[in-house]
Amino acid sequence: MRYRFAGSSLGPAAPKGGVYVAQPHVATDLKSAGIGPFETIDARLLIEPEVAAIAASKVTDGLLAELAACIAQMRQAHAQGHEADAGDHRFHVAIASATGNGMLVAVCDQLWRAQLNSPIWDDIHRRMRMNRYWKVWLNDHEQIFAAIKLGSSIQARIEMIRHLDNVRQALLANSGSPSPQERRRMTS
């Protein structure tokens, strides 16, 4: 039996040169799937900036009221010395809801749940002093809100990228992994 593309989900070569495609394994239990926070952030960076851009092009008073309420919820959680995960999650899902696309809402919600249910994320969070980042992340959300309020798809996209990159940098700084710059220095 001949195989093509070792390591892929492609199966054995068909008799006349074609390839049968094997059923890919899809993890349904994200907590045990080994999906880490950096994979989740990478996926969010592919999806959420475009979602924010679409939301900015479809801005409504209802969306603005919901996003303002989410930011207020985040502020209140921080004032009480708590993480703002509930308000933060709600903020990102509200932006996705503004697209009018149920699949984007489901994907954004699932990405957030994967992040919250990641044992690796939990481990990094235990080592992080999260309150050091609250001001930056709250400002990020305010900037995303401002861009959406202006109806600026370009600015909403930029602000979402900035926010997710800020999250990535905080995770990287606290993960015990070397930064890309440190990795380059170690290999040169």
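Q: Buried means under 20% relative accessible area; why, by that cut-off, is Ala 56 called buried in this predicted model?
A: Ala 56 has a relative accessible area of 2%, and since buried means under 20%, Ala 56 is therefore counted as buried.

Q: Where is Ala 56 found, and what does Ala 56 touch beyond residues up to four places away in sequence?
A: Ala 56 belongs to helix 1, which covers residues 37-57. With residues up to four places away in sequence not counted, Ala 56 touches Ala 147, Ile 148, Gly 151, Ser 152, Ser 153 and Ala 156; contact here means heavy atoms within 4.5 Å. A further pairing appears in the C-alpha positions, where Ala 56 and Lys 149 are 6.9 Å apart in space although 93 residues apart in sequence.

Q: What makes Phe 91 count as buried or exposed?
A: The relative accessibility of Phe 91 is 0%, and because buried means under 20%, Phe 91 falls into the buried class.

Q: Which residues is Phe 91 in contact with, leaving aside neighbours within four places in sequence?
A: Phe 91, which lies in helix 3, is in contact with Leu 67, Cys 70, Ile 71, Met 74, His 141, Ile 144 and Phe 145. One of these partners, Cys 70, is itself buried at 0% relative accessibility. The C-alpha atom of Phe 91 is also separated by 7.8 Å from that of Glu 66, with the two positions 25 residues apart along the chain.

Q: Why is Glu 66 called partly exposed?
A: Glu 66 has a relative accessible area of 28%; as buried means under 20% and exposed over 50%, with partly exposed in between, Glu 66 is therefore placed in the partly exposed class. Glu 66 is found in helix 2 and, residues up to four places away in sequence not counted, touches Arg 90 and Ala 94. Between the C-alpha atoms of Glu 66 and Ile 95, 29 residues apart along the chain, the separation is 9.2 Å.

Q: What makes Gln 73 count as partly exposed?
A: At 26% relative accessibility, Gln 73 is neither under 20% nor over 50%, so Gln 73 counts as partly exposed. Gln 73, like Glu 66, is found in helix 2, and outside the residues up to four places away in sequence Gln 73 touches Ala 86, Gly 87 and Arg 90. The C-alpha atoms of Gln 73 and Ala 86 are 8.0 Å apart in space, while the two residues are 13 apart in sequence.

Q: Why is His 92 called buried, and what does His 92 touch?
A: The relative accessible area of His 92 is 2%, and because the class of buried residues takes values under 20%, His 92 is buried. His 92 is found in helix 3 and touches Arg 44, Glu 48, Trp 112, His 141, Met 160 and His 163, not counting residues up to four places away in sequence. Trp 112 is also among the residues that lie nearest the centre of the largest cavity.

Q: How many disulfides are there, and by what rule is that known?
A: A disulfide needs a pair of cysteine sulfur atoms within 2.5 Å, and by this rule the count comes to 0. As for accessibility, Cys 108 is buried at 1%.

Q: What makes a space in the protein a cavity, and how many of 30 Å³ or more does the structure hold?
A: A cavity is a set of points where a 1.4 Å probe fits but cannot get out, and the structure holds 1 cavity of 30 Å³ or more. The largest cavity has about 170 Å³ of space.

Q: Which residues and helices line the largest cavity?
A: The lining has 18 residues, with Glu 83, Asp 85, Asp 88, Trp 112 and Trp 137 nearest the centre. Helices 2 to 7 each supply at least two residues, and helix 6 gives the most, with 4 residues.

Q: How do the lining residues divide into nonpolar, polar and charged?
A: The lining divides into 9 nonpolar, 5 polar and 4 charged residues. Asp and Glu count as charged.

Q: What elements does the chain have, and in what order do they run?
A: The chain has 8 helices and 2 strands, and from the N terminus on the order is β-β-α-α-α-α-α-α-α-α. Buried residues make up 37% of the 188 residues.

Methods. Residues are numbered from 1 along each chain as its sequence is written. This is a predicted model: local features need pLDDT of at least 70, side-chain atom pairs count only at pLDDT 80 or more; totals for chains, interfaces and linings use all residues. Side-chain values use heavy atoms; hydrogens and water are left out. On a 1 Å grid over the protein atoms alone, a cavity is a set of points where a 1.4 Å probe fits but cannot get out, and a pocket is an open set with protein on both sides within 12 Å along at least five of seven lines; lining residues have an atom within 4 Å of a point. Grid points are joined across faces, edges and corners, and a volume is the space filled by probe spheres set on the points. Buried means under 20% relative accessible area, exposed over 50%, partly exposed in between (1.4 Å probe, protein chains only).
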